[in-house]
Amino acid sequence: MYSNVLVNCSNCHTPLQVPPGAGSIRCALCQAVTHIADPRAVPPQPFSSPHAPPPPSPYGQAPPGPLPNPHGRKKAVIVGISYKFSRHELKGCINDAKCMRYLLINKFSFPESSIIMLTEEEDPHGPKFPSKHNIRMAMFWLAQGCQPGDSLVFHYSGHGSQQRNYSGEEADGFDETLCPLDFETQGMIVDDEINAALVRPLPPGVRLHALIDACHSGTVMDLPFLCRMNSRGQYVWEDHRPRSGVWKGSNGGEVICFSGCDDHQTSADTSALSKITSTGAMTFCFIQAIERSGPGATYGTILTSMRTAIKNAGSGGSGGGDVVTSLISMLLTGGSLSAGGLRQEPQLTACEPFDMYRKPFSL
(Lines give C-alpha, C1' and ligand atoms only; values in the text may rest on other atoms or scores of the structure.)
Protein backbone atom coordinates (compact mmCIF):
# COMPACT_ATOMS: atom_id res chain seq x y z
CA MET A 1 0.00 0.00 0.00
CA TYR A 2 1.52 3.30 -1.08
CA SER A 3 -1.48 5.62 -0.79
CA ASN A 4 0.19 7.63 1.99
CA VAL A 5 3.54 8.24 0.27
CA LEU A 6 4.53 11.91 0.18
CA VAL A 7 6.98 13.57 -2.21
CA ASN A 8 8.02 17.20 -2.34
CA CYS A 9 7.02 19.27 -5.38
CA SER A 10 10.05 19.68 -7.63
CA ASN A 11 9.35 23.41 -7.89
CA CYS A 12 7.77 24.82 -4.69
CA HIS A 13 8.59 21.84 -2.40
CA THR A 14 5.00 21.48 -1.12
CA PRO A 15 4.44 17.89 0.15
CA LEU A 16 2.26 16.01 -2.34
CA GLN A 17 0.39 12.75 -1.74
CA VAL A 18 1.22 10.22 -4.46
CA PRO A 19 -1.64 8.03 -5.78
CA PRO A 20 -0.85 4.30 -5.87
CA GLY A 21 1.29 3.44 -8.90
CA ALA A 22 1.55 7.03 -10.17
CA GLY A 23 4.60 7.91 -12.24
CA SER A 24 4.14 11.67 -11.80
CA ILE A 25 2.00 14.15 -9.89
CA ARG A 26 1.02 17.76 -10.58
CA CYS A 27 1.18 20.38 -7.81
CA ALA A 28 -2.13 22.21 -7.25
CA LEU A 29 -0.29 25.36 -6.12
CA CYS A 30 2.37 25.97 -8.80
CA GLN A 31 1.19 23.44 -11.44
CA ALA A 32 4.67 21.91 -11.73
CA VAL A 33 4.85 18.19 -12.58
CA THR A 34 7.02 16.03 -10.32
CA HIS A 35 8.16 12.74 -11.89
CA ILE A 36 8.52 9.58 -9.83
CA ALA A 37 10.88 7.13 -11.51
CA ASP A 38 9.37 3.97 -10.00
CA PRO A 39 6.57 4.35 -7.44
CA ARG A 40 7.13 0.76 -6.31
CA ALA A 41 10.65 1.69 -5.26
CA VAL A 42 9.39 4.40 -2.89
CA PRO A 43 9.29 2.88 0.61
CA PRO A 44 6.05 3.32 2.56
CA GLN A 45 6.08 5.76 5.41
CA PRO A 46 6.74 4.14 8.78
CA PHE A 47 3.86 3.89 11.22
CA SER A 48 3.77 7.10 13.25
CA SER A 49 3.64 6.81 17.01
CA PRO A 50 2.80 9.54 19.52
CA HIS A 51 6.54 9.95 20.06
CA ALA A 52 7.51 10.21 16.41
CA PRO A 53 8.32 13.66 14.96
CA PRO A 54 5.40 15.30 13.17
CA PRO A 55 5.20 14.97 9.36
CA PRO A 56 6.40 17.96 7.33
CA SER A 57 3.75 20.66 7.20
CA PRO A 58 3.20 22.63 3.98
CA TYR A 59 2.23 25.50 6.23
CA GLY A 60 5.81 26.19 7.28
CA GLN A 61 6.04 27.95 10.62
CA ALA A 62 2.52 27.21 11.88
CA PRO A 63 1.28 26.03 14.22
CA PRO A 64 4.04 26.71 16.77
CA GLY A 65 5.30 23.82 18.86
CA PRO A 66 4.63 20.10 18.44
CA LEU A 67 1.41 18.86 16.91
CA PRO A 68 -1.07 17.06 19.17
CA ASN A 69 -1.20 13.27 19.35
CA PRO A 70 -1.65 11.98 15.78
CA HIS A 71 -4.56 9.75 16.80
CA GLY A 72 -7.75 11.58 17.67
CA ARG A 73 -6.27 14.99 16.97
CA LYS A 74 -8.35 18.13 16.93
CA LYS A 75 -7.18 20.70 14.39
CA ALA A 76 -8.74 23.92 13.16
CA VAL A 77 -8.15 26.73 10.68
CA ILE A 78 -9.99 29.98 11.44
CA VAL A 79 -10.03 32.82 8.90
CA GLY A 80 -11.38 36.31 9.65
CA ILE A 81 -10.92 39.10 7.10
CA SER A 82 -12.11 42.68 7.62
CA TYR A 83 -10.65 44.22 4.40
CA LYS A 84 -9.77 47.26 6.50
CA PHE A 85 -9.35 50.63 4.79
CA SER A 86 -10.94 49.35 1.57
CA ARG A 87 -14.36 49.83 0.03
CA HIS A 88 -15.07 46.20 0.95
CA GLU A 89 -14.54 46.73 4.70
CA LEU A 90 -16.45 44.52 7.14
CA LYS A 91 -16.75 45.16 10.88
CA GLY A 92 -17.38 41.81 12.50
CA CYS A 93 -15.15 39.20 10.89
CA ILE A 94 -12.20 39.36 13.29
CA ASN A 95 -14.71 39.26 16.17
CA ASP A 96 -16.09 36.09 14.60
CA ALA A 97 -12.65 34.52 14.39
CA LYS A 98 -11.83 35.28 18.03
CA CYS A 99 -15.18 33.96 19.25
CA MET A 100 -14.81 30.77 17.26
CA ARG A 101 -11.33 30.17 18.65
CA TYR A 102 -12.65 30.74 22.17
CA LEU A 103 -15.51 28.29 21.55
CA LEU A 104 -13.26 25.53 20.17
CA ILE A 105 -10.79 25.79 23.05
CA ASN A 106 -13.24 26.17 25.94
CA LYS A 107 -16.26 24.18 24.74
CA PHE A 108 -14.70 21.46 22.57
CA SER A 109 -11.21 21.11 24.08
CA PHE A 110 -9.21 21.98 20.95
CA PRO A 111 -5.53 22.50 21.90
CA GLU A 112 -4.44 26.10 21.33
CA SER A 113 -1.41 24.88 19.41
CA SER A 114 -3.65 23.05 16.92
CA ILE A 115 -5.60 26.15 15.85
CA ILE A 116 -4.28 28.36 13.05
CA MET A 117 -5.73 31.88 13.02
CA LEU A 118 -5.47 33.93 9.82
CA THR A 119 -6.49 37.56 10.38
CA GLU A 120 -5.17 41.01 9.57
CA GLU A 121 -3.91 41.30 13.14
CA GLU A 122 -1.12 38.88 12.19
CA ASP A 123 2.25 39.81 10.65
CA PRO A 124 1.55 41.09 7.08
CA HIS A 125 4.66 39.26 5.90
CA GLY A 126 4.07 36.08 7.90
CA PRO A 127 2.26 32.82 7.11
CA LYS A 128 -0.87 33.74 9.10
CA PHE A 129 -1.87 36.86 7.16
CA PRO A 130 -5.09 35.99 5.23
CA SER A 131 -3.68 36.15 1.71
CA LYS A 132 -4.76 33.69 -0.96
CA HIS A 133 -1.51 31.75 -0.72
CA ASN A 134 -1.63 31.51 3.08
CA ILE A 135 -5.29 30.38 3.16
CA ARG A 136 -4.49 27.72 0.58
CA MET A 137 -1.54 26.47 2.58
CA ALA A 138 -3.59 26.43 5.78
CA MET A 139 -6.25 24.30 4.08
CA PHE A 140 -3.60 21.82 2.93
CA TRP A 141 -2.16 21.72 6.46
CA LEU A 142 -5.60 20.99 7.93
CA ALA A 143 -6.27 17.97 5.71
CA GLN A 144 -2.70 16.66 5.57
CA GLY A 145 -1.85 13.43 7.38
CA CYS A 146 -5.30 12.79 8.85
CA GLN A 147 -5.88 9.63 10.86
CA PRO A 148 -9.13 7.89 11.91
CA GLY A 149 -10.64 9.69 14.91
CA ASP A 150 -9.38 13.15 13.91
CA SER A 151 -11.81 16.08 14.18
CA LEU A 152 -11.15 19.06 11.88
CA VAL A 153 -12.78 22.50 11.73
CA PHE A 154 -12.53 25.13 8.99
CA HIS A 155 -14.15 28.47 9.82
CA TYR A 156 -14.24 31.41 7.42
CA SER A 157 -15.72 34.85 8.01
CA GLY A 158 -15.32 37.33 5.19
CA HIS A 159 -16.56 38.12 1.70
CA GLY A 160 -17.87 35.42 -0.60
CA SER A 161 -18.84 35.73 -4.24
CA GLN A 162 -19.71 33.82 -7.40
CA GLN A 163 -18.26 33.42 -10.86
CA ARG A 164 -19.66 31.87 -14.02
CA ASN A 165 -19.16 28.12 -14.39
CA TYR A 166 -18.81 26.85 -17.97
CA SER A 167 -18.39 23.13 -17.29
CA GLY A 168 -22.08 22.49 -16.58
CA GLU A 169 -21.29 21.01 -13.14
CA GLU A 170 -23.11 23.71 -11.15
CA ALA A 171 -26.92 23.55 -10.95
CA ASP A 172 -27.22 27.35 -10.99
CA GLY A 173 -24.39 27.92 -13.48
CA PHE A 174 -22.08 29.58 -10.94
CA ASP A 175 -19.09 28.54 -8.88
CA GLU A 176 -19.07 29.88 -5.32
CA THR A 177 -15.90 31.57 -4.07
CA LEU A 178 -14.12 32.90 -1.00
CA CYS A 179 -12.37 36.27 -1.19
CA PRO A 180 -8.93 36.39 0.45
CA LEU A 181 -7.54 39.77 1.45
CA ASP A 182 -5.64 40.08 -1.84
CA PHE A 183 -8.44 38.76 -4.07
CA GLU A 184 -8.41 41.86 -6.30
CA THR A 185 -4.87 41.09 -7.44
CA GLN A 186 -4.51 37.34 -6.80
CA GLY A 187 -8.05 36.16 -7.48
CA MET A 188 -10.65 34.31 -5.45
CA ILE A 189 -10.57 30.76 -4.08
CA VAL A 190 -13.10 28.71 -6.07
CA ASP A 191 -15.32 25.98 -4.59
CA ASP A 192 -13.67 23.30 -6.76
CA GLU A 193 -10.30 24.08 -5.18
CA ILE A 194 -11.76 24.13 -1.65
CA ASN A 195 -13.34 20.74 -2.29
CA ALA A 196 -10.09 19.30 -3.66
CA ALA A 197 -8.06 20.59 -0.71
CA LEU A 198 -10.38 19.93 2.23
CA VAL A 199 -12.94 17.30 1.23
CA ARG A 200 -11.66 14.72 -1.21
CA PRO A 201 -8.46 13.74 0.68
CA LEU A 202 -10.24 12.83 3.95
CA PRO A 203 -10.08 9.09 4.73
CA PRO A 204 -12.62 7.02 6.72
CA GLY A 205 -12.86 7.92 10.40
CA VAL A 206 -12.00 11.61 9.90
CA ARG A 207 -14.65 14.28 10.46
CA LEU A 208 -14.54 17.83 9.07
CA HIS A 209 -16.94 20.60 10.06
CA ALA A 210 -16.82 23.69 7.85
CA LEU A 211 -18.47 26.93 9.02
CA ILE A 212 -18.63 29.49 6.23
CA ASP A 213 -19.98 32.94 7.14
CA ALA A 214 -19.98 34.63 3.75
CA CYS A 215 -22.29 35.71 0.95
CA HIS A 216 -23.28 33.08 -1.66
CA SER A 217 -21.88 30.34 0.57
CA GLY A 218 -24.60 27.69 0.37
CA THR A 219 -22.59 25.16 -1.66
CA VAL A 220 -19.12 26.69 -1.37
CA MET A 221 -17.64 23.33 -0.29
CA ASP A 222 -19.11 21.64 -3.41
CA LEU A 223 -20.51 18.83 -1.26
CA PRO A 224 -22.80 16.32 -3.01
CA PHE A 225 -25.93 16.87 -0.89
CA LEU A 226 -27.71 20.00 0.37
CA CYS A 227 -30.38 20.04 3.09
CA ARG A 228 -33.35 22.16 2.00
CA MET A 229 -35.41 23.23 5.03
CA ASN A 230 -38.70 25.13 5.15
CA SER A 231 -39.97 27.55 7.81
CA ARG A 232 -41.58 24.70 9.79
CA GLY A 233 -38.32 22.80 10.14
CA GLN A 234 -39.25 20.15 7.57
CA TYR A 235 -36.37 19.21 5.32
CA VAL A 236 -35.37 17.20 2.27
CA TRP A 237 -31.92 16.44 0.89
CA GLU A 238 -31.14 17.74 -2.59
CA ASP A 239 -28.71 15.82 -4.79
CA HIS A 240 -26.04 18.25 -6.04
CA ARG A 241 -23.71 15.67 -7.56
CA PRO A 242 -22.35 16.93 -10.92
CA ARG A 243 -23.97 15.43 -14.00
CA SER A 244 -20.47 14.63 -15.29
CA GLY A 245 -20.16 11.97 -12.62
CA VAL A 246 -17.15 13.61 -10.97
CA TRP A 247 -17.14 12.64 -7.28
CA LYS A 248 -17.12 15.67 -4.99
CA GLY A 249 -17.38 13.72 -1.75
CA SER A 250 -14.54 12.60 0.49
CA ASN A 251 -12.34 9.51 0.40
CA GLY A 252 -14.52 7.99 3.12
CA GLY A 253 -14.39 10.80 5.71
CA GLU A 254 -17.42 12.67 7.05
CA VAL A 255 -17.82 16.30 5.95
CA ILE A 256 -20.60 18.63 7.12
CA CYS A 257 -20.79 22.33 6.30
CA PHE A 258 -22.88 25.08 7.92
CA SER A 259 -23.13 28.03 5.52
CA GLY A 260 -24.37 31.52 6.24
CA CYS A 261 -26.91 31.63 3.41
CA ASP A 262 -28.10 30.09 0.16
CA ASP A 263 -26.03 30.50 -3.02
CA HIS A 264 -28.22 33.36 -4.26
CA GLN A 265 -28.31 35.20 -0.91
CA THR A 266 -25.99 37.56 0.96
CA SER A 267 -24.85 37.26 4.56
CA ALA A 268 -24.99 40.09 7.07
CA ASP A 269 -22.35 41.83 9.16
CA THR A 270 -24.56 43.25 11.92
CA SER A 271 -24.96 44.39 15.52
CA ALA A 272 -28.57 43.16 15.66
CA LEU A 273 -27.60 39.99 17.50
CA SER A 274 -24.84 40.87 19.98
CA LYS A 275 -26.36 44.32 20.70
CA ILE A 276 -22.89 45.73 21.48
CA THR A 277 -20.76 45.28 18.36
CA SER A 278 -20.71 43.82 14.88
CA THR A 279 -20.54 40.10 14.19
CA GLY A 280 -21.36 37.82 11.31
CA ALA A 281 -24.98 36.75 11.75
CA MET A 282 -24.26 33.10 10.98
CA THR A 283 -21.26 32.80 13.31
CA PHE A 284 -23.06 34.48 16.20
CA CYS A 285 -26.18 32.33 15.79
CA PHE A 286 -24.12 29.14 15.52
CA ILE A 287 -22.24 29.92 18.74
CA GLN A 288 -25.46 30.95 20.46
CA ALA A 289 -27.11 27.66 19.43
CA ILE A 290 -24.16 25.72 20.85
CA GLU A 291 -24.23 27.77 24.07
CA ARG A 292 -27.95 27.15 24.56
CA SER A 293 -28.00 23.50 23.54
CA GLY A 294 -27.71 20.65 25.99
CA PRO A 295 -25.94 17.33 25.57
CA GLY A 296 -28.71 16.06 23.30
CA ALA A 297 -28.21 18.67 20.56
CA THR A 298 -28.56 17.41 16.99
CA TYR A 299 -27.68 18.99 13.66
CA GLY A 300 -31.37 19.67 13.13
CA THR A 301 -31.84 21.53 16.42
CA ILE A 302 -28.67 23.56 15.83
CA LEU A 303 -29.75 24.61 12.32
CA THR A 304 -33.31 25.38 13.44
CA SER A 305 -32.04 27.52 16.33
CA MET A 306 -29.77 29.48 13.99
CA ARG A 307 -32.54 30.17 11.52
CA THR A 308 -34.97 31.23 14.26
CA ALA A 309 -32.48 33.69 15.76
CA ILE A 310 -31.75 35.30 12.39
CA LYS A 311 -35.45 35.49 11.51
CA ASN A 312 -36.27 37.15 14.84
CA ALA A 313 -33.46 39.68 14.49
CA GLY A 314 -34.43 40.47 10.90
CA SER A 315 -38.05 41.11 11.84
CA GLY A 316 -37.12 43.39 14.71
CA GLY A 317 -37.69 40.80 17.42
CA SER A 318 -35.25 39.79 20.10
CA GLY A 319 -32.01 38.37 18.76
CA GLY A 320 -31.28 36.84 22.12
CA GLY A 321 -27.87 38.47 22.46
CA ASP A 322 -28.44 39.22 26.14
CA VAL A 323 -28.28 35.54 27.12
CA VAL A 324 -24.96 34.74 25.46
CA THR A 325 -22.71 35.44 28.40
CA SER A 326 -19.49 33.47 27.99
CA LEU A 327 -18.72 34.90 24.55
CA ILE A 328 -19.65 38.54 25.00
CA SER A 329 -16.31 39.10 26.71
CA MET A 330 -14.62 38.04 23.47
CA LEU A 331 -16.33 40.76 21.45
CA LEU A 332 -14.52 44.04 21.06
CA THR A 333 -16.69 47.14 21.26
CA GLY A 334 -16.49 48.71 17.85
CA GLY A 335 -18.43 49.77 14.78
CA SER A 336 -21.92 48.55 14.06
CA LEU A 337 -24.31 48.37 11.15
CA SER A 338 -28.07 48.43 10.80
CA ALA A 339 -29.90 46.12 13.19
CA GLY A 340 -32.56 45.07 10.69
CA GLY A 341 -32.78 43.55 7.25
CA LEU A 342 -31.40 40.09 7.94
CA ARG A 343 -32.74 38.00 5.07
CA GLN A 344 -30.35 35.08 5.05
CA GLU A 345 -31.07 31.41 5.63
CA PRO A 346 -28.23 29.27 7.00
CA GLN A 347 -27.73 26.10 4.95
CA LEU A 348 -26.29 22.68 5.68
CA THR A 349 -24.49 20.48 3.15
CA ALA A 350 -22.86 17.08 3.59
CA CYS A 351 -21.08 14.24 1.84
CA GLU A 352 -23.97 11.90 2.60
CA PRO A 353 -27.62 12.53 3.61
CA PHE A 354 -28.54 11.78 7.23
CA ASP A 355 -31.42 12.23 9.67
CA MET A 356 -30.64 15.68 11.06
CA TYR A 357 -32.91 15.40 14.09
CA ARG A 358 -31.42 12.10 15.22
CA LYS A 359 -27.73 12.65 14.50
CA PRO A 360 -25.97 14.10 17.58
CA PHE A 361 -23.84 17.17 16.95
CA SER A 362 -20.23 16.96 18.02
CA LEU A 363 -16.87 18.50 17.10
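Start with how far along the chain the contacts reach: among contacts in the protein with a separation of 6 or more, 71% are between residues 24 or more positions apart. Keep in mind that this is a predicted model. The chain has 363 residues, and 52% of them count as buried. As for secondary structure, you'll be looking at 6 helices and 17 strands.

Let's begin with a pair of helices. Find H1, which covers residues 93-106, and H5, which covers residues 281-292. Their axes sit 10 Å apart and the helices pack at an angle of about 20°. Angles under 35 degrees count as roughly parallel, and H1 and H5 are therefore roughly parallel to each other. The crossing of these two helices is left-handed. On the H1 side, the contact is made by Asp-96, Cys-99, Met-100 and Leu-103; H5 brings Thr-283, Phe-286, Ile-287, Ile-290 and Glu-291. Sort the residues of this contact by class and you get 6 nonpolar, 1 polar and 2 charged. If the spacing of those residue numbers looks familiar, recall that an α-helix has 3.6 residues a turn, so residues three or four places apart point the same way.

Now move to another helix pair, H2 (residues 132-143) and H4 (residues 191-199). Here the axes come within 8 Å and cross at roughly 30°. H2 puts Arg-136, Met-139, Phe-140, Leu-142 and Ala-143 into the contact, and H4 answers with Glu-193, Ile-194, Ala-197 and Leu-198. By class, the contact of H2 with H4 has 7 nonpolar and 2 charged residues, with no polar ones.

Stay with H4 for a moment. Which residues of H4 are buried? They are Asp-191, Ile-194, Asn-195, Ala-197, Leu-198 and Val-199. H2 is one of the elements covering them, and the cover also includes strands E7 (151-157), E9 (174-178), E10 (189-190), E11 (207-213) and E14.

Follow the chain out of H4 and you come to Pro-201, in the loop between H4 and E11. With a relative accessibility of 33%, Pro-201 counts as partly exposed. Leaving aside residues up to four places away in sequence, Pro-201 touches Asn-195, Ala-196 and Asn-251. Pro-201 also has a distant partner in sequence to look at: Gly-253 is 52 residues away along the chain, yet the C-alpha atoms of the two are 8.3 Å apart.

Next, the aromatics. A search of the whole structure turns up 10 aromatic pairs. Take Phe-258 and Tyr-299: their ring centres are 6.2 Å apart and their planes are at 15°, so the pair is stacked. This pair ties together distant parts of the chain, with Phe-258 in strand E14 (residues 254-259) and Tyr-299 in helix H6, 41 residues apart. How exposed or buried are these two rings' residues? Phe-258 is buried at a relative accessible area of 0%, and Tyr-299 is buried with a value of 0% too.

Phe-258 has another partner, Phe-361, and this pair is edge-to-face, at 6.3 Å centre to centre with 70° between the planes. Again distant parts of the chain are linked: Phe-258 is in E14, while Phe-361 is in the segment after strand E17 (347-350), 103 residues apart. Both Phe-258 and Phe-361 are buried. Step back and you can see ring pairs joining Phe-108, Trp-237, Phe-258, Phe-286, Tyr-299, Phe-354 and Phe-361 into a cluster. Phe-286 should ring a bell, as one of the H5 residues in the contact with H1.

While you're around H6, which runs over residues 299-314, look for Ala-309. Ala-309 is buried, with a relative accessible area of 6%. Its C-alpha lies 9.5 Å from that of Met-282, 27 residues away in sequence.

Finish with a couple of backbone details on either side of H1. Phe-85 sits in the loop between strand E5 (74-80) and H1, and its phi is near 65°, a positive value in a residue other than glycine. Phe-85 is exposed, with a relative accessible area of 75%. In the loop between H1 and strand E6 (115-119) you'll find Ser-109, whose phi is near 60°, again positive in a residue other than glycine. Ser-109 counts as exposed at 55% relative accessibility.

Note on methods: Residues numbered from 1 in each chain as written. Predicted model: local features only at pLDDT ≥ 70, side-chain atom pairs only at ≥ 80, totals over all residues. Heavy atoms only, no water. Axes fitted to C-alpha atoms, helices over the stretch in contact; angles between N-to-C directions. Helix = DSSP H or I, 4+ residues; strand = E, 2+ residues; numbered from the N terminus. Parallel < 35°, antiparallel > 145°, perpendicular 65-115°, else oblique. Left-handed = near helix turned anticlockwise from the far one by under 90°. Contact = heavy atoms within 4.5 Å. Nonpolar A, V, L, I, M, F, W, Y, C, P; charged D, E, K, R; others polar. Buried < 20%, exposed > 50% of the residue type's maximum accessible area, 1.4 Å probe, protein only. Phe/Tyr/Trp six-rings, centres within 6.5 Å; stacked < 30°, edge-to-face > 60°.
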